[in-house]
Amino acid sequence: MNILILGCGHHQLHGIISLSENGHSVYGVDKNPNSIAKPYLTYFINLSVHDFKEISSYIKKSDFKINLVVSLGVEASVSAANISKYLNLPYTSINSAVLSTEKYKRLKAFDDFNVRTPSHMILDINNIQKYKFPIILKQKTGAGSRGVRIINNSLDLSKIYSDLIIDYNEEIIVEEYISGSEHSVEGFIDNNGEINWLIISDRRYQDKWKYYPNVIDDGDDLPSKLSDVVIKNVFIESTKAVRAIGIEFGPVKGDIIVKDNIPYVIEMASRFSGDYFCTSVSELFLGKSILNSFVDTFTNGSQMMGYKNSFAKVSFFYYWINHTIKIKSLNFLNELEKKDYIGFIRLEPKYSELNNGDIIKPTESNQDKFISICIVGDSKLNIEDKRNKIFLFIEKQLIKIE
C-alpha cells in the first residue's frame with residue numbers, strides 16, 4: 001500500500017521505518033531537504049506539511065497512487081484532511097480536523113457536548129486577582145503541548161506576560177489546574193466508524209515543577225495503574241470528546257487527568273503520537289504497534305479490536321540533562337543495549353553528532369531530551385529498580401560542570 005506521511009523528522013522516523021519494514025511504500029512530506037527519515041522513503045516531497053494545496057497538486061502531477069494519508073507526531077490533521085479530500089481518500093472532515101487542532105475551538109465543542117474538562121477562559125491580564133493559582137496557560141489556536149506553561153502565582157504571571165504575548169501573538173487560554181494523575185489514550189476509528197481504544201498509559205510527571213514554568217513530561221508507564229472501572233470511564237469520556245469534535249476516521253489521541261477517580265479530558269487530536277509511542281513502545285506492550293494495527297485494519301477491512309490490558313510491564317522514559325555536563329564516553333549506550341530488560345535505548349537525533357568530550361547544556365524544552373529508553377519487567381517495582389540503575393549507570397559517564 002502507498003502511504004503518505006506528513007513530516008519526516010524524528011517524530012515520524014520510527015513510524016516510517018516500521019511501515020517500510022512491513023512492506024508498504026511510504027511517501028513523505030517535509031520542508032527540510034535533509035530530513036532524518038528521508039533515506040527510508042519510497043519518495044520524498046520537499047514541501048511544508050501545512051501547504052496542503054501544493055502537496056495535493058504535486059501528488060496529482062506526479063501521478064502517485066496514494067491509498068492513505070497519516071499524520072503522526074505533528075499537528076497536521078488539517079492538511080491531512082484536505083489532501084485526503086482532494087484525493088478522495090478516507091479521513092476525518094476538515095472541520096473536525098480544525099476542531100481537533102485549535103485549542104479554544106475544541107474547548108467550545110467540548111462545552112457544547114458536555115465533555116468533562118477543566119474550567120477555562122481567555123486570560124484577562126488586568127484582572128488577574130480573580131484566578132485561583134496554580135493555573136495552566138495555553139495558546140488559543142495552537143495544538144499539542146508546545147507553549148503550555150504552569151503558573152504558580154500572580155507575580156510570576158505578570159513577569160512572563162509580555163513573553164507570552166510575544167511567543168503566542170494572540171489571546172491566551174487560562175485553564176484550571178487539576179492535581180490528578182495524568183494519562184494518554186490512543187487508538188483509531190476504523191472503516192465502520194467504530195472507535196478502537198488500544199492503549200491507556202500513565203504519564204510520568206514526577207518532576208513537573210523542575211522546569212517551571214514549562215511543562216515537560218518524562219514518558220509513560222504501561223499498563224495503567226487505574227482500576228478497570230476507571231479505565232472504562234476514561235474511554236467513555238474520551239469517546240464523548242471524539243464525538244464532540246466529530247472525528248470520523250483515522251487516529252485518535254487524547255490526554256486525560258484523573259482526580260478522585262473522575263476523568264477530565266485535556267486534549268483530543270486526530271493524529272497519532274510521535275517519537276516511539278505509537279510504534280516501538282505500543283508494540284512491546286501489545287505485541288503489535290498502534291500504527292500498524294490501524295494500517296492493517298484499513299487494508300484488510302474493519303475488525304473491532306478494542307482495549308486489552310496486556311500482562312507486559314513497560315516503562316518508556318527520557319534521560320534529561322539537568323546541569324551542564326561533559327561526556328566521558330558514549331560506549332555506555334552499547335553496554336546498556338545488551339541488557340535483556342532493555343526494549344530499546346536511543347540517543348536522540350539532536351545529539352547524533354555528539355562525540356566523547358563534548359559539552360551539553362541543561363534541558364530547556366521538550367526538544368532537549370538526551371536519551372530515550374524503554375524497559376520491560378515483570379512488575380512495577382522491578383521496572384522502577386531497573387530505571388534507577390540505568391540512571392546511575394548513565395550518570396557515571398557524565399562529568400558535571402558547575
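This report describes how some helices, strands and sheets of one protein chain are arranged in a predicted model.

## Helices α1 and α9

Helix α1, which covers residues 10–21, packs against helix α9, which covers residues 290–300, at an angle of about 45°, and their axes lie 10 Å apart. Because of that angle, α1 counts as oblique to α9, and the crossing of the two helices is right-handed. The residues that meet are G15, S18 and L19 on the side of α1, and L291, N292 and V295 on the side of α9. Sorted by class, this contact of α1 with α9 has three nonpolar and three polar residues, and no charged residues. For the spacing of such residues, a general point about helices is useful: an α-helix has 3.6 residues a turn, so residues three or four places apart point the same way.

Is helix α9 enclosed by the rest of the structure or left open? Eight of its eleven residues are buried, so α9 is largely enclosed by the rest of the structure. The buried residues of α9 are I290, L291, N292, S293, F294, V295, T297 and F298, and L291, N292 and V295 also appear in the contact with α1. Just after α9 comes G301, which takes a positive phi of about 100°.

On the other side of α9, the loop between α8 (277–286) and α9 holds K288. This lysine has a relative accessible area of 36%, which is why K288 is called partly exposed. If neighbours within four places in sequence are left aside, K288 is in contact with S282, E283, S293 and D296. K288 and L19 are 269 residues apart in sequence, and their C-alpha atoms are 12 Å apart in space.

## Helices α4 and α5

A second pair of helices is formed by α4 (residues 94–101) and α5 (residues 103–112), which pack at an angle of about 105° with their axes 5 Å apart. It is this angle that makes α4 roughly perpendicular to α5. In the contact, V98, L99, S100 and T101 of α4 meet K103, K105, R106 and A109 of α5. These residues divide into three nonpolar, two polar and three charged.

## A sheet of four strands and its helices

An open sheet of four strands runs in the order β5-β8-β6-β7, and its pairing is antiparallel. At the edges of this sheet stand β5 (120–122) and β7 (149–151), each of which pairs on one side only. On average, and with direction ignored, neighbouring strands of the sheet are turned by 30° against each other. In general, strands of a sheet pair through backbone hydrogen bonds, either parallel or antiparallel. Within this sheet, β6 and β8 are joined by five bridges, and the bridge partner of I136 in β8 is E175.

Helices also lie across these strands. Helix α5 lies across β5, β6 and β8, and runs at about 45° to β8, while helix α6 (residues 154–168) lies across β6, β7 and β8, and runs at about 160° to β7.

## Strand pairs compared in a table

The table sets out antiparallel strand pairs, with the residue range of each strand where it is given and the number of bridges.

| Strand | Partner strand | Bridges |
|---|---|---|
| β6 (residues 135–139) | β8 (residues 172–176) | five bridges, antiparallel |
| β14 (residues 313–319) | β18 | seven bridges, antiparallel |
| β16 (residues 342–347) | β18 | five bridges, antiparallel |
| β15 (residues 325–327) | β19 | three bridges, antiparallel |

Strand β18, which covers residues 371–377, is mostly covered, with six of its seven residues buried. In β18, G377 is the bridge partner of K313, and I375 is the bridge partner of I342.

## A sheet of three strands

Three strands form another open sheet, in the order β17-β15-β19, and the pairing is antiparallel. Which strands stand at the edges? They are β17 (359–360) and β19 (398–400), and each has a single partner strand, so one side of each is left without a neighbour in the sheet. Between β15 and β19, K326 stands opposite I399 of β19.

How values were computed: Residues numbered from 1 in each chain as written. Predicted model: local features only at pLDDT ≥ 70, side-chain atom pairs only at ≥ 80, totals over all residues. Heavy atoms only, no water. Axes fitted to C-alpha atoms, helices over the stretch in contact; angles between N-to-C directions. Parallel < 35°, antiparallel > 145°, perpendicular 65-115°, else oblique. Left-handed = near helix turned anticlockwise from the far one by under 90°. Contact = heavy atoms within 4.5 Å. Nonpolar A, V, L, I, M, F, W, Y, C, P; charged D, E, K, R; others polar. Pairing = 2+ DSSP bridges. Buried < 20%, exposed > 50% of the residue type's maximum accessible area, 1.4 Å probe, protein only.
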